[in-house]
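Q: Please take a close look at one part of this structure, the smaller subject of a single chain and its surroundings, and describe it in a connected account.

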Amino acid sequence: MTGWLAFWEVMLIAAFVIYTAMAVVVGIRAFGDIKALVRFLTEEHG
Amino acid sequence: MSQFTWLDWVIVLVYVVGAGAAGLMGRRYVKTIEDFIVAGRGLNPYLAIATLAGTEMGLVTVVYMAEQGYKNGFSAFVIGLIAGLGMGILGLTGFLIKGFRASGAMTIAEYYEMRYSKGVRWVGGIVIATAGILNMGVFLKAGALFLTQVTGLPEVVSLGGMQIPILNLVMTVLLIVVLLYTVVGGMISVVFTDYIQFIVLSLGFILATVVIVAKLGLGTIAHAVVEYKGIEGLSPFVNPNYGWAYIIWQILLFTTASATWQTAAMRVSATRSPEVAQKVYRWTSLVWIGRAILPMFWGAAALAYFGTRMEGVTEGSLKAMPAMLGQVIPVGILGLLTAGMLAAFMSTHDSYLLAWSSVITQDIIAPLRKRELSTRARIAITRVLIVLIGIFLLIWGLWYQLPSTMWDYLALTGTMYLSGTLAMLTCGLYWKKANRTGAYTAIALGVIFPISQLFLLDKVNALLKASLGFELSPGLAGMSAYIVAMLGMIVGSLLGHAFGRKEGR
């Protein structure tokens, strides 16, 4: 039982840390992608 | 008693108006059906990750994952782990997604026509749209439950002798906002709003988790799981709600859904190339684990906060997590969290509405016409369908009673089409002998088990118990659907060849 508990606690902490880091990175870089998409759609269709 | 105040409502209102306005901006860029359905195939990786995560992290996701955490403790985390690993493997190997993106299809059923036949596309399209819309049928209910509990509002208020269902009204207004911008701007509007929604809901996710740990304590929550659930709260193999069959079903379900669930497939189609699609999957797999495990942890926290007494309340296991949030999270952060959850609600609804309406237009209505439908007509039909599906959701959400947990319902409705799709896409991409006889067999067999579990459970189980001495559990029904669909695909294709028919391509 102790092994399972320790395993899930590590999983939980890892999930939280990775999610937070990903949210920051994706949040910043996706903003640049939005500008690129607008440019792409404007240039494609005039 | 909920701590929701006027400040929280202001935060929520500012968000809803802002997201709606951003969505409406998308209209100016829509010129073709490709723009409307797959944003002109112009998505770069990070925006694709944000929009995929925004779509698949719905309010309904948070509610059903938390229900799993409340009912099964930490052993529910196995579902999150499977979800992340499933998507990660697709991202690393390119299995299914690379071939699908390279085919150039915009919907899964369109691929069926490219690989098998027009008839397979039509039949497949009907199954995909039916399963998808049924799947979406409980989203409004989940949203209404969350808002009732977190804000502390009554479900019904009396006004001049009339009983007004406040939360149904709120959900209807939200649905109208979503319908409005999805109808005018299609996928481009969805992408714009998904980005904002990803930011707001991620902020809500992170802050809520921090506050829960600070107020209740990780040790206290873990202790409560052990106290109330024992080893079943920790080991998914021992837990009677899970077990081996359930775990195998979840592996098949998440691997297939990550690649071929129509909303995910549309993101694959919207990327610039197969390589970008693969990159999106590699990175999104990391978000996927948190998407499941964090709300499950909130559910376990609700178990620590309320104990098992919510199990005696109607739909108590669904209500426990939002009720706990309403009482634990402080003013201001509660508003932000609710805005985040509404973001999740909106980002899922817009994409799903677009996905299923596109399938009906492209794969069911258009193939019936002898003459090619114009872009203008396709967009007009899709817009009408979006509104019709919205109306169906309101009716179904109020009427339908869940047979077991919300996740089991969602997973079974999803399996209705995913089981056939896994067989048809895998064999279509990697096996030359796959043909339309196999495809029809896979579609038919894949539908039988989930339907029997969802709508004929009592009759099927009585028959099974009398004749074979066992009952069909969700895990067994789900797992069997994938196995028989794959067998049907292989045997059907071999028979098709044996009878010498020139089929498929």
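A: In this predicted model, the secondary structure of chain A amounts to one helix and zero strands. The C-alpha trace of chain A spans about 65 × 15 × 5 Å along its principal axes. Of the 46 residues in chain A, 35% are buried. The area that chain A exposes is about 2,600 Å², and carbon and sulfur atoms supply 71% of that area.

The contact with chain B comes next. On the side of chain A, 31 residues take part, and they are in contact with 52 residues of chain B. The size of an interface is often given as the accessible area lost when the parts come together. For chain A and chain B, about 3,500 Å² is buried between them, with 83% of this area on carbon and sulfur atoms. Within the share that chain A buries against chain B, A:Trp8, A:Leu12 and A:Tyr19 supply 22%, more than any other three residues. Sorted by class, the residues of chain A that touch chain B are 24 nonpolar, four polar and three charged. Zero salt bridges are found across the interface of chain A and chain B, while three residue pairs are found in polar contact there.

A:Trp8 also leads to a particular site in chain B, since B:Ser75 touches A:Trp8. B:Ser75 is placed in the loop between helix H4 (59-72) and helix H5 (77-93) of chain B. The relative accessible area of B:Ser75 is 0%, under the 20% limit, and therefore B:Ser75 is buried. Besides A:Trp8, the residues that B:Ser75 touches include B:Gly233, B:Leu234, B:Ser235, B:Pro236 and B:Tyr242. Two further residues that B:Ser75 touches, B:Glu232 and B:Asn239, are linked to it through polar atoms. A polar atom of the B:Ser75 side chain lies 2.9 Å from the backbone oxygen of B:Glu232. The side chain of B:Ser75 is also in polar contact with the side chain of B:Asn239, at 3.2 Å.

Elsewhere in chain B, helix H7 (residues 108-115) has six of its eight residues buried, so this helix is largely enclosed by the rest of the structure. The buried residues of H7(B) are B:Ile108, B:Ala109, B:Glu110, B:Tyr111, B:Tyr112 and B:Arg115. Among the elements of chain B that cover them are helix H6 (97-103), helix H8 (118-136) and helix H12 (244-260). Helix H13 (262-270), helix H16 (333-365) and helix H18 (406-430) of chain B are also included in this cover.

Conventions. Residues are numbered from 1 along each chain as its sequence is written. Chains are lettered from A and ligands numbered from 1 in the order in which they are written. This is a predicted model: local features need pLDDT of at least 70, side-chain atom pairs count only at pLDDT 80 or more; totals for chains, interfaces and linings use all residues. Side-chain values use heavy atoms; hydrogens and water are left out. Helices (H or I, at least four residues) and strands (E, at least two) are DSSP runs, numbered from the N terminus. Buried means under 20% relative accessible area, exposed over 50%, partly exposed in between (1.4 Å probe, protein chains only). Accessible areas come from the Shrake-Rupley method with a 1.4 Å probe; for residues, only the protein chains shown count as cover. Contact means heavy atoms within 4.5 Å. Buried area is the accessible area (1.4 Å probe) that two parts lose on being put together, summed over both. A salt bridge is a side-chain nitrogen of Lys or Arg within 4 Å of a carboxyl oxygen of Asp or Glu. A polar contact is a pair of N or O atoms within 3.5 Å; within protein, one must be able to donate a hydrogen and the other to accept it, and residues adjacent in sequence count only if both atoms are side-chain atoms. Ala, Val, Leu, Ile, Met, Phe, Trp, Tyr, Cys and Pro count as nonpolar, Asp, Glu, Lys and Arg as charged, and the others, Gly among them, as polar. Lists of a residue's contacts leave out its neighbours within four places in sequence.
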